[in-house]
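User: Could you pick one loop in this structure and look at it closely? After that, please follow the thread into whatever it leads to, in one connected answer.

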Amino acid sequence: MSQRTLVVLLVALFALANLPARVFAQDATTVRQLKKEMDRIKAEREQERKQLQDLEKKIDELESSNQKLQQTTNSLQQANQQLTTKTTQSISQMQKQLSPEGFGSLVGNYLGEHQVTLVGAAGGDFIYDHLNNTNTFNLDFEPIALYKVNDWLMFEGTVEASLDPGSGASFDLPVATAQIFLNKYMEINAGIFDQPFGDWYEDQSPMWVNPFISAPLIYGANPLIPPTDIGVQLRGAVQWGDLGQDADYTVWLSNGPTFESSPGINALPAPVVGEAIAGPDNIAVNSNTRGMGGRFRVYPLPVDLGWGRLELEASTFDGKWDNSLWFYSWGVGFAYRDGPFRTRGEWVEMYREMPSASSLGLAAYPGCCGSDNRQGWYWQAGYFLYGIPHPDLGAFEQYFDKTEFLVRYSGINESGSVLEDIATTPSFGFNGSPAVFAPHAREVALGLDYWIAPSIVWQTEVDFELPEAGGTLYTFGGLNKPLASAVGATSNDQAVLTQFTIGF
């Protein structure tokens with residue numbers, strides 16, 4: 001081995017002998033550094049984990065807040081939609097309440113169950129009567145108060161104000177009733193009421209309903225049936241077939257009929273044939289029984305048939321007018337309407353027992369005894385011009401369509417008339433010509449109506465009184481017994497009436 005190689009080998013051995021100590025020293029330092037680095041990394045990782053947890057928590061909170069915000073937004077949208085709907089409904093309801101119908105409803109709600117309604121009619125007319133030498137204007141006002149207490153009780157009161165000759169006015173209470181509704185088909189009326197006999201007093205007499213200005217003779221200035229009475233009624237109706245096939249009834253008990261010579265009335269000093277019916281007997285003391293009446297109506301035509309509306313009616317009214325002396329009456333009538341055409345009519349008969357001379361404590365005198373028998377009738381028809389085929393009238397079409405022509409014929413037969421009863425004072429429903437009070441009165445009435453609205457009408461009427469000869473005229477002349485004279489030819493009379501009426 002060479003010396004050079006030996007030297008190299010010795011150096012290598014020396015290096016190998018000192019290598020572990022350096023290596024181990026360096027490893028310890030490195031381990032410490034690595035541990036320190038690992039601790040730092042662990043601390044950073046822990047911090048990052050905490051930050052991540054905090055971030056996740058905030059994200060959860062944000063998601064929860066976003067969900068609540070969405071719910072709040074949805075709730076606001078729903079509330080806004082409900083508010084919009086309620087506002088629209090409130091505006092619509094307010095607009096409806098500000099209408100006439102709505103205002104009435106508001107008043108009704110304010111008053112609660114107690115509701116007051118004012119209806120009625122007002123009118124003015126002009127009357128010219130040749131035989132009476134009458135040439136005057138007239139005025140009438142008839143308010144009707146309806147007071148609804150609840151669903152089963154209502155009160156009705158009518159006050160009639162009209163002008164008398166001179167500078168004063170007269171006031172009357174023709175109707176004052178309590179109406180008790182037992183069910184949908186039956187009611188009780190009690191008080192002062194229009195006589196339910198026939199159709200005239202209850203249904204046709206209001207001034208804006210009657211197509212004529214005057215009344216037919218049987219219900220006019222010298223009626224055959226008392227216009228009003230005091231008592232109680234039972235009323236009802238039933239549908240017995242198809243729609244429109246109905247029937248109704250009214251039965252009543254009242255103070256009964258009275259005449260001018262009835263006890264307690266004494267407008268005439270003694271009973272006499274042909275005397276006028278007096279007003280209602282407020283306190284009935286002169287009769288052993290009350291008045292009893294019944295009216296029955298049937299409507300046979302169903303609506304679907306298209307044949308118009310037909311009414312058939314029968315009535316009766318009976319009672320004692322003076323102690324044991326009876327008054328009997330009965331009548332039948334009809335009414336029909338189809339489109340522009342309408343017609344109605346009635347036949348009425350009354351019979352009154354008269355006292356005997358012995359019961360009066362007097363000798364027999366004219367018209368005192370026997371019986372008082374009277375009959376009467378009327379028939380009327382009307383036709384609206386819109387039912388007549390015609391060319392287009394342009395602006396005048398509305399006036400043509402609202403115009404109605406009418407005719408009526410009425411008459412009365414009785415054995416006598418009383419001079420003291422002949423009243424010719426003009427009034428609404430006036431037909432007080434002296435010719436009307438003849439025992440065999442006849443009247444032809446021609447009418448022309450222009451209906452501005454269903455309850456507003458301007459009417460013109462021409463009456464021809466055409467009485468027939470016959471019968472007896474009685475007059476007391478200040479005596480307690482009447483004088484009698486035969487009725488010969490009675491002067492005819494003519495009258496012209498025009499009237500403007502508003503029903504409300």
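Analyst: Let's start at Asn 133, which is exposed because its relative accessible area is 71%. Bear in mind throughout that this is a predicted model. Asn 133 sits in the loop that links strand E1 (115–129) to strand E2 (134–150). Its backbone catches the eye: phi is positive, about 55 degrees, even though Asn 133 is not a glycine.

There's a second asparagine to set beside it. Asn 323 also isn't a glycine and has a positive phi of about 55 degrees. This one belongs to the loop between E9 and E10. With a relative accessible area of 40%, Asn 323 is partly exposed, whereas Asn 133 is exposed at 71%.

A positive phi turns up in another turn too, this time at a glycine. E6 and E7 make a hairpin with 6 residues between them, and Gly 244 in that turn has a positive phi of about 100 degrees. The two arms of the hairpin, E6 and E7 (residues 246–254), run antiparallel and are joined by 9 bridges. If you want a register mark, look at Gly 231, which stands opposite Ser 254 in E7. E6 (residues 228–239) also pairs with strand E5 (residues 186–194), again in the antiparallel sense and over 9 bridges. There, Phe 193 faces Asp 229 across the pairing, with Asp 229 in E6.

Back to the loop that holds Asn 323, and to one of the strands it connects. Ala 314 is part of E9. How exposed is Ala 314? It counts as partly exposed, because its relative accessibility is 33%. Setting aside neighbours within four places in sequence, Ala 314 touches Gly 294, Arg 295, Phe 296, Gly 331 and Val 332. Ala 314 and Tyr 249 are 65 residues apart in sequence, yet their C-alpha atoms are 9.9 Å apart in space. For the protein as a whole, take contacts between residues at least 6 apart in sequence: 64% of these join residues at least 24 apart.

E9 also takes us to a pocket. The second largest pocket holds about 410 Å³ of space. Its lining counts 21 residues, and the closest to the centre are Gln 204, Val 209, Arg 337, Arg 342 and Arg 344. The elements giving two or more residues to that lining are the strands E9 (309–322), E10 (325–338), E11 (341–353) and E12 (371–384). E12 gives the most, with 4 residues. By type, the pocket lining divides into 12 nonpolar, 4 polar and 5 charged residues.

Next, a cysteine pair. The structure holds 1 disulfide, formed by Cys 368 and Cys 369, with their sulfur atoms 2.2 Å apart. The link is left-handed, at -75 degrees about the S-S bond. Are its two ends buried or exposed? Cys 368 counts as buried because its relative accessibility is 1%. Cys 369 counts as partly exposed because its relative accessibility is 30%.

Further along the chain there's an enclosed space as well. A search of the whole structure turns up 1 cavity of 30 Å³ or more, and the largest cavity has a volume of about 30 Å³. Asn 222, Gly 274, Glu 414, Ser 417, Val 418, Asp 421 and Phe 437 line the largest cavity, which comes to 2 nonpolar, 3 polar and 2 charged residues.

One of those lining residues leads on to another set of strands. Ser 417 has Leu 473 in E17 as its bridge partner. The strands involved, E14 (residues 416–418) and E17 (residues 472–475), run parallel and are joined by 3 bridges. E17 also runs antiparallel to strand E18 (residues 483–486), with 4 bridges between them. Here Leu 473 stands opposite Ser 485 in E18.

To put the loop in its wider setting: the protein has 5 helices and 19 strands. Of its 504 residues, 37% count as buried. Asn 133, where we started, is on the exposed side at 71%.

Definitions and conventions. Residues numbered from 1 in each chain as written. Predicted model: local features only at pLDDT ≥ 70, side-chain atom pairs only at ≥ 80, totals over all residues. Heavy atoms only, no water. 1 Å grid on protein atoms, 1.4 Å probe; cavity = no way out; pocket = protein on both sides within 12 Å on 5 of 7 lines; lining within 4 Å. Points joined across faces, edges and corners; volume = space filled by probe spheres on them. Nonpolar A, V, L, I, M, F, W, Y, C, P; charged D, E, K, R; others polar. Pairing = 2+ DSSP bridges. Disulfide = S-S within 2.5 Å. Buried < 20%, exposed > 50% of the residue type's maximum accessible area, 1.4 Å probe, protein only. Contact = heavy atoms within 4.5 Å.
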